[in-house]
Amino acid sequence: MTETTSMRPIRDTLPMDEAMALVMDAAAQITRTERVPLRQATGRVIATPAVAAIDVPPFDRAAMDGYAVIAEDTFGAGVHEPKVLRCVEKVYTGQVPTRTVSRRECIEIATGAPMPAGADAVVMVEETDKAGADDVRIFTPVYPRQHVGRRAADIASGTALMPEGTLLTPSRVGTLAAIGLSDVEVFEKPRVAILSTGNEIIEPGAALAPGQIYDINGFTITSIVVSHGGIAVPHPPAPDNLPDLVEAIRRGGEADIVVFSGGSSVGERDLILDAIAAIGDVIFHGIAVKPGKPTVFGRVGATPVFGMPGYPTSCLSNAYMLLVPMLRRMARLPEYLPQMVKAPLARRVVSTTGRHQFYTVRLVDGMAVPAFKASGDITSMSLADGYIEIGAQTDIVEAGEVVDVKLF
């Protein structure tokens, strides 16, 4: 039998900043770790400080194509009075010199190849000329260490390179490769259980029966989670009855966050509030925002649980506002700062006093054109380039006013 409750209007709502503070208080950072191949480490957060066990480079090396020489042998060299040295060997990258450079000798060398013993500088090939089979004319002097990359010039063995908590960017992955690591210990990604509620919800790909709709929110929330450092764990849609919803929360509790969409409003079959309260604690129900007012947030054991609105635009906007900051903190990622542009508003927007509004816009010819249609219309978001925020104490934003557009 389907359980119902009486209609329960949301009479008291939290300001957005207070709701955000409560959500972030529940965002415990992940402490589990795992080792991942270095090729898969970009975007992960290092869990063990990285310390170099070798010098980089591990040997003195030529910084130019040319000739390894004893610098003193080139002193006084000029275009009209070149110094002539005898070439005794050729060394390419990946090879090790077998000869020692003695006075009035040189070794032809490639960029990156190890410097031979006895040599202390490199003459660029452009400043030389062959003079017979073995002789080389030097047209410019070099000083000691010129065009030589010193051993450990980049990284010295024992250097602490990255502390715990460092976000691995491409250049940092390259640094770990330089010291010979093939894998790295990182913090695990938060796992997010994603559930849609409602007897009318079915998976895309199935044939629609009368009264049914495809699940939108499960896919938009999955995209949010994957884009911001988490692992999405999809669950089948949960029916609108209390026992099934409670069981769904218990199953989802194996993850680090549980996110429901639908069932958070005030209707007779909106039972997420009751399901959380039955086995956990409700932290708040209702935020002074538009869209997205009927949002539930609670905790079951140590697991935060969101009950997002069922309307796609409300669900997705609250995911951007609440879920993304929580997820990134748990994943130890930097705060997400969307790109922002300024643009004049194309036409007047009337807001609801007392509710912080997130209003979607398109950018057309340098103007911010309102794109919001209705909370139930996913195209309010998909056809928009970003959104503007209208404060709770503002009821009208006039056409022509320059607004800050936060880009998706």
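Two strands count as paired here if DSSP finds at least two bridges between them. Helices (H or I, at least four residues) and strands (E, at least two) are DSSP runs, numbered from the N terminus. This is a predicted model, where local features need pLDDT of at least 70 and side-chain atom pairs count only at pLDDT 80 or more, while totals for chains, interfaces and linings use all residues. Residues are numbered from 1 along each chain as its sequence is written, and side-chain values use heavy atoms, with hydrogens and water left out.

**Stop 1: strand E21**

Start by selecting residues 303–308, which make up strand E21. Six of its six residues are buried, where buried means under 20% relative accessible area, exposed means over 50%, and partly exposed is in between (1.4 Å probe, protein chains only). Thr 303, Val 305 and Gly 307 point one way from E21, while Pro 304, Phe 306 and Met 308 point the other way.

Now bring in the neighbours. Strand E20 (296–300) runs antiparallel to E21, and the two pair over five bridges. Click on Arg 299 and you'll find it opposite Pro 304 in E21. The hairpin of E20 and E21 has two residues between the strands, and Gly 301 there takes a positive phi near 65°.

Strand E17 (257–261) pairs with E21 too, but in the parallel sense, over four bridges. Pick Val 259 and look across to Phe 306 in E21, which stands opposite.

**Stop 2: the largest core**

Stay on Phe 306 for a moment. Along with Ile 257, Leu 323 and Met 326, Phe 306 touches the most other members of the 35-residue largest nonpolar core. (A nonpolar core is a set of buried Ala, Val, Leu, Ile, Met, Phe, Trp, Tyr and Cys residues joined through side-chain atoms within 4.5 Å.) To colour it by element, select helix H1 (16–25), strand E13 (191–196), helix H3 (217–227), E17, E21 and helix H6 (312–330), the elements that give two or more residues to this core. Which element gives the largest share of this core? That's H6, with ten residues.

Next, show Leu 323 with its contacts, meaning heavy atoms within 4.5 Å. Not counting residues up to four places away in sequence, Leu 323 touches Ile 221, Ile 224, Val 225, Ile 257, Val 259, Phe 306, Met 308 and Asn 318. A second, separate core has 18 residues, including Ala 238, Ala 255, Leu 273 and Ile 276.

**Stop 3: helix H5**

Those last two names lead to helix H5 (residues 272–279), whose buried residues are Ile 272, Leu 273, Ala 275 and Ile 276. They sit on the same side of H5 because they cover an arc of only 165° around the axis, taken from the directions from the helix axis to the C-beta atoms. An α-helix has 3.6 residues a turn, so residues three or four places apart point the same way. Show what these buried residues pack against: helix H4 (242–252), E17, strand E18 (281–285), E20 and E21.

**Stop 4: salt bridges**

Side chains of opposite charge can pair when their charged atoms come close. A salt bridge here is a side-chain nitrogen of Lys or Arg within 4 Å of a carboxyl oxygen of Asp or Glu, and the whole structure has twelve of them.

Select Asp 55 and Arg 151 first; their closest N and O atoms are 2.8 Å apart. The two are 96 residues apart in the chain, each in a loop between strands. Is Asp 55 buried or exposed? Asp 55 counts as buried, at 17% relative accessibility.

Then go to Lys 342 and Asp 404, with the closest N and O atoms 2.6 Å apart. Lys 342 lies in strand E22 (residues 340–344) and Asp 404 in strand E28 (residues 402–407). Lys 342 is exposed at 62%, whereas Asp 404 is partly exposed at 34%.

Glu 398 and Arg 348 also meet in a salt bridge (3.0 Å, N to O). Glu 398 is partly exposed at 38%, and Arg 348 is partly exposed at 47%. Finally, select Arg 32, Glu 188 and Asp 256, which shared salt-bridge partners join into one network.

**Stop 5: Thr 166**

End in the loop between strand E11 (160–162) and helix H2 (170–178), where you'll find Thr 166. Thr 166 is buried, at 12% relative accessibility. The Thr 166 side chain reaches the backbone oxygen of Pro 163 at 2.7 Å. Leaving out residues up to four places away in sequence, Thr 166 touches Arg 44, Val 45, Ile 46 and Arg 172.

Conventions: A polar contact is a pair of N or O atoms within 3.5 Å; within protein, one must be able to donate a hydrogen and the other to accept it, and residues adjacent in sequence count only if both atoms are side-chain atoms.
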